[in-house]
Amino acid sequence: MTMPPSTVIEVAAREVAAELQRQGIDPDERVTLTIEPELIPGRRESRKLVIAAGLTDDDIDRLIKQAQREVEPLLPR
């Protein structure tokens, strides 16, 4: 019997159980979970401050996109 290839799925920690269920994985089936190290030092502390300020991930994404739009005309072509 040939094993299927590994599947990489990126989801928020709070979505892991739901994603496993969507994949049809039985709750008693063993899986391996790999937790990648933070790419940006201090991200967790910054995230606490962002949440304390009442912002969501969607708010942050929107602000980043807005800043990109503001900077793009200033970039050399």
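## Helices and loops

Helices here are DSSP runs of H or I with at least four residues, numbered from the N terminus. By that rule, Leu33 sits in the loop that joins helix H1 (16–22) to H2. The model is predicted.

The protein chain has three helices and zero strands. Read from the N terminus, the elements run α-α-α. Helix H1 covers 16–22. Helix H2 covers 43–52, and helix H3 covers 57–71.

## Confidence

The mean pLDDT of the protein chain is 84. Of the residues, 90% score at least 70. The elements do not share one level of confidence: H1 has the highest mean pLDDT, at 92. H2 has the lowest, at 81.

## Burial across the chain

How much of the protein chain counts as buried? The figure is 3% of its 77 residues. H2 fits into that picture as a helix that is hardly covered. Its ten residues include zero buried ones. After H2 comes Gly54, with a positive phi near 90 degrees.

## Leu33 in the H1–H2 loop

Is Leu33 buried or exposed? Its relative accessible area is 60%. The cut-off for exposed is over 50%, so Leu33 counts as exposed at 60%.

Leu33 can also be placed relative to Val16. The two residues are 17 apart along the chain. Their C-alpha atoms are separated by 9.5 Å.

## Glu19 and the segment before H1

Glu19 belongs to helix H1. Its relative accessible area is 12%. Buried means under 20%, so Glu19 is a buried residue at 12%.

What does Glu19 touch, apart from residues up to four places away in sequence? The partners are Ile9 and Val11. Val11 lies in the segment before H1. Val11 is partly exposed, with a relative accessible area of 32%. Setting aside neighbours within four places in sequence, Val11 contacts Glu19 and also Val16. Val16 is the residue whose C-alpha atom was compared with that of Leu33 above.

## Salt bridges

How many salt bridges does a search of the whole structure find? The count is two.

One joins the side chains of Glu19 and Arg22, at 2.7 Å from N to O. Both residues are in helix H1, three residues apart, so about one helical turn separates them. Their exposure differs in class. Glu19 is buried at 12% relative accessible area, whereas Arg22 is exposed at 58%. The bridge therefore pairs a buried acid, Glu19, with an exposed base, Arg22.

The other joins the side chains of Arg62 and Asp59, at 3.7 Å from N to O. This pair lies in helix H3. Again the residues are three apart, about one turn of the helix. Arg62 has 45% relative accessibility. Exposed requires over 50% and buried under 20%, so Arg62 counts as partly exposed at 45%.

## The second largest pocket

The second largest pocket has a volume of about 190 Å³. Helix H2 (43–52) and helix H3 (57–71) are the elements that give two or more residues to its lining. Its lining residues are Arg43, Ser46, Arg47, Val50, Asp57, Ile60, Asp61 and Ile64.

What is the chemical make-up of this lining? Four residues are charged, three are nonpolar and one is polar. Among the lining residues are Arg43 and Arg47, along with Asp57 and Asp61. The lining also includes Val50, Ile60 and Ile64, as well as Ser46.

H2 appears in several parts of this report. It contributes to the lining of the second largest pocket. It has zero buried residues among its ten. It also carries the lowest mean pLDDT of the elements, 81.

How values were computed. Residues are numbered from 1 along each chain as its sequence is written. This is a predicted model: local features need pLDDT of at least 70, side-chain atom pairs count only at pLDDT 80 or more; totals for chains, interfaces and linings use all residues. Side-chain values use heavy atoms; hydrogens and water are left out. On a 1 Å grid over the protein atoms alone, a cavity is a set of points where a 1.4 Å probe fits but cannot get out, and a pocket is an open set with protein on both sides within 12 Å along at least five of seven lines; lining residues have an atom within 4 Å of a point. Grid points are joined across faces, edges and corners, and a volume is the space filled by probe spheres set on the points. Ala, Val, Leu, Ile, Met, Phe, Trp, Tyr, Cys and Pro count as nonpolar, Asp, Glu, Lys and Arg as charged, and the others, Gly among them, as polar. Buried means under 20% relative accessible area, exposed over 50%, partly exposed in between (1.4 Å probe, protein chains only). Contact means heavy atoms within 4.5 Å. A salt bridge is a side-chain nitrogen of Lys or Arg within 4 Å of a carboxyl oxygen of Asp or Glu. pLDDT is the predictor's confidence in each residue, from 0 to 100.
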